[in-house]
Amino acid sequence: HGWLCLDVCVRATVDSDAPTPNQTLLLLRPKEQLLSSLPIDHSPDLAMLISVADPLKPFRQLSFELKAPLNRLYSLSLHLAAWGKGRIVQCVSKSSIYLVSPLAEFHA
């Protein structure tokens, strides 16, 4: 969307065992890097989820776009979270307020 670039360490305050339709998947690595690192026998659903993941789109919207059940998206997202490749978070919005750690490193 052009207004937000995330290269972050996110401390999730969400119970990662119970995603909800209004939450989303925040990828912690670039999509291209994640897709190229998938094993040959990966699930096509996993590749599709990575391809369309967007911190502005809730699972409900991703489910509709991918024509995939919410439970399938939750399962794949929890796998990515367990592998340290993503986090389940509340959707990012322009009206949300975020706190940046004073220890955060910024790169130009």
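**View 1. Confidence of the predicted chain.** The mean pLDDT (the predictor's confidence in each residue, from 0 to 100) of the protein chain is 85, with 83% of its residues at 70 or more. Over residues 7-16 the pLDDT is below 50, and this stretch has 14 contacts (heavy atoms within 4.5 Å) in the model beyond near neighbours in sequence. Where pLDDT is low, the predicted coordinates should not be read in detail. This is a predicted model, in which local features need pLDDT of at least 70 and side-chain atom pairs count only at pLDDT 80 or more, whereas totals for chains, interfaces and linings use all residues. Residues are numbered from 1 along each chain as its sequence is written, and side-chain values use heavy atoms, with hydrogens and water left out.

**View 2. The buried residues of α3.** Phe59, Leu62 and Ser63 of α3 are buried (under 20% relative accessible area, 1.4 Å probe, protein chains only). They lie on the same side of α3, because they cover an arc (from the directions of the C-beta atoms from the helix axis) of only 105°. The cover over the buried residues of α3 includes β1 (23-27), α2 (44-52), α4 and β2 (86-90); helices (H or I, at least four residues) and strands (E, at least two) are DSSP runs, numbered from the N terminus.

**View 3. Lys67 in the loop after α3.** Lys67 is in the loop between α3 (59-66) and α4 (70-82). Although not a glycine, Lys67 has a positive phi of about 55°. Its relative accessibility is 74%, so Lys67 counts as exposed (over 50%).
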